[in-house]
Every structure is written in structure tokens, then in C-alpha cells.
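Welcome! Here are some short exercises to work through with the model in view. Try each task before reading its solution.

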Amino acid sequence: MSKATVEQTKMGTEGIAFCIARTLIERDPSLKAPMRANLRKMWELLEEREDHAAADMVDTMIKALNDPAFFKP
């Protein structure tokens, strides 16, 4: 795949993950804390495996969970 295609795939995957997370949290706000904890564990595992690109994607999701513009507190 070309570099542009890889970037588009990455952005699309992140977008889908954000939509799923937001829908779940809007329906049940109590899911926000466990989702944040699971993402943190996933980030640690990916960093341990030195998969920095995947860890960066997970980190983006963690930051979004903390962003009141995207996920209302």
C-alpha cells in the first residue's frame, strides 16, 4: 500500500473507533472509566512491544476520552 493509503486507513480506523466509543459512552456514561483503563493497558502493552504507531493511535483515543469537546464529562 502507498503511504497515503496507509494514512487514510489509519485515520478511518481512528474515526470508527471514536464513533463506537462515543456511542457507547453516550448510552452508558459509566463505561468511560473502564474504557479509559483498558485503553491505558493496551497502550502499555503496545509500548512494551515497541509498536509505537499502534500505541500512538491508542494514545489519541485516550486523549479524546479526556477531551470535554469530544466526550462530555
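**Exercise 1.** Which residues of H2 are buried?

Solution. This is a predicted model, and H2 (residues 32-48) has the highest mean pLDDT among the elements of the protein chain, at 95. Buried means under 20% relative accessible area. By that cut-off, the buried residues of H2 are Lys-32, Met-35, Leu-39 and Leu-46. They lie on the same side of H2, because they cover an arc of only 60° around the axis. Now turn to the face of H2 pointing away from that buried side: there you find the exposed residues Lys-41 and Glu-48. Finally, look at the cover: H1 and H3 are included in what covers the buried residues of H2.

**Exercise 2.** Check the length of H1 against the span expected at 1.5 Å a residue.

Solution. Start with the count: H1 has 25 residues. At 1.5 Å a residue they should span 36 Å, and the end C-alpha atoms are 36 Å apart, so the two values agree. Bear in mind that H1 (residues 3-27) has the lowest mean pLDDT among the elements, 86.

**Exercise 3.** Find what the buried residues of H3 pack against.

Solution. First list them: Ala-55, Val-58, Met-61, Ile-62, Ala-64 and Leu-65 are the buried residues of H3. Next, follow their packing, which is against H1 and H2. Then look from the other side: the buried residues of H1 are Glu-14, Phe-18, Ala-21 and Ile-25, and their cover includes H2 and H3.

Technical notes: Residues numbered from 1 in each chain as written. Predicted model: local features only at pLDDT ≥ 70, side-chain atom pairs only at ≥ 80, totals over all residues. Heavy atoms only, no water. pLDDT = per-residue confidence, 0-100. Helix = DSSP H or I, 4+ residues; strand = E, 2+ residues; numbered from the N terminus. Expected span 1.5 Å × (residues − 1). Buried < 20%, exposed > 50% of the residue type's maximum accessible area, 1.4 Å probe, protein only. Contact = heavy atoms within 4.5 Å. Arc of directions from axis to C-beta.
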